[in-house]
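Hi there,

Here is the structure I promised to send over. Have a look at it first, and then read my notes on the charged side chains below.

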Amino acid sequence: QVVSFLEKKINTPVKIEKVSLDLPKLLVLEGVYFEDQKQDTLLAGDQLKVDISLLKLLKNKVEINEIDLRGITAKIDRTLPDSSFNFDYIMRAFVSAEQEEPKPEDTTSTMEFSIDRINLDRIRFVYKDDVIGTSADFNLGHLDTRIKTFDLNNMRFEIPKVNVKGINAMVKQWAVVDSSNLPSTKDIGIEQSTGPEAMMPDLQLGSLHIEDTKARYIDETSALNTSVLFEKLLVDFNNINLKGETVDIRRILLDGNDMKVAFGKIKQSSIAPESKSADSVDAQPIKWKVNIDDIQLNKNQISYFDANQPKVKKGMDYGNLNFTGLDVKLTNFFFSIDSIS
């Protein structure tokens, strides 16, 4: 019945192979598939499992004990010239129905949310945005975490530990058309929060453990090609204050890092003058202060190449650098905009 309702509502194929409900808490969806209007995958998943206290919904409490997602693929794109996302038609289908009915009383402020455990396996997210000239292909092998505090009303979040394994990401940027001819966010019905409503969250993070990561970034406008590959990254936090713009870290450990940065040849005539994009805002002064008690970088390989700099036959060639077997240990590292120690 749900599939039939959704297909009639959004006029694109929907598939759910199996639904199981273990009252009063467990809901499992298997073989989920949503197709966009271009006959491409919008959302697909082997298994979506949510352990939620359904009875507490009657008391305006959304208590999620566990979210377990396996084999999930999501594809989002935004195209020109209308600057529309590939899921906009779904939002329009439900918004048009809501506009025909009287709006119910807003009860969002009284709703309480809580999330305990999150487990993600074999996740892929594909994003392509022709408006801002950006694409991303993000693959995640595994992520698990437990959330000690999830206070959405007061924007307070406490996460003791996050474990991540098997990241493979690719981000690409390119030059876009003249942004003055594009519709603004106001024209397409998106309001941007400003002032007190856009307050920074109170985030407390204990430790972050990442293994087997490979990431690549390409910027066609500056001919930049960067890649990072590392075996293990461990970060232990003392305190994070996003409002006060301070970060206090106990330890950073990086093992088996291979980083490459390369700039291709750029013709001066091809460099267009910078223009302010439609989504840009006035630059704010940097006030961040970062303190790290201990930094340890093991088995590093770092290479840097700039085709725009002339090669040096004698002495240090700063446009062609290659470090192998580099180990670094720093203690009591401090950074601010006017001093580094």
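**Salt bridges in the model**

Start with K15 and E17, which form a salt bridge whose closest N and O atoms are 3.4 Å apart. Keep in mind that this is a predicted model. As for the surroundings, K15 is partly exposed, at 42% relative accessibility, while E17 counts as exposed because its relative accessible area is 57% and the cut-off for exposed is over 50%.

If you're wondering what makes such pairs possible: side chains of opposite charge can pair when their charged atoms come close.

Next, try finding D40 and K75. Their side chains meet in a salt bridge at 3.7 Å, N to O. This pair links distant parts of the chain, 35 residues apart: D40 sits in the loop between β2 (26-35) and β3 (41-52), and K75 is in strand β4 (residues 61-79). D40 is partly exposed at 34% relative accessibility, and K75 is partly exposed too, with a relative accessible area of 24%.

Then there's R124, which has a salt bridge to D137, with 2.8 Å between the closest N and O atoms. R124 belongs to strand β6 (residues 112-129) and D137 to strand β7 (residues 134-146), so the pair ties together parts 13 residues apart in sequence. Both are partly exposed: R124 has a relative accessible area of 30%, and D137 has 23%.

Salt bridges can also join up: K49, D68, R70 and D121 are linked in a network of them. Over the whole structure, the search finds 21 salt bridges.

Happy exploring!

Notes
Residues are numbered from 1 along each chain as its sequence is written. This is a predicted model: local features need pLDDT of at least 70, side-chain atom pairs count only at pLDDT 80 or more; totals for chains, interfaces and linings use all residues. Side-chain values use heavy atoms; hydrogens and water are left out. A salt bridge is a side-chain nitrogen of Lys or Arg within 4 Å of a carboxyl oxygen of Asp or Glu. Buried means under 20% relative accessible area, exposed over 50%, partly exposed in between (1.4 Å probe, protein chains only). Helices (H or I, at least four residues) and strands (E, at least two) are DSSP runs, numbered from the N terminus.
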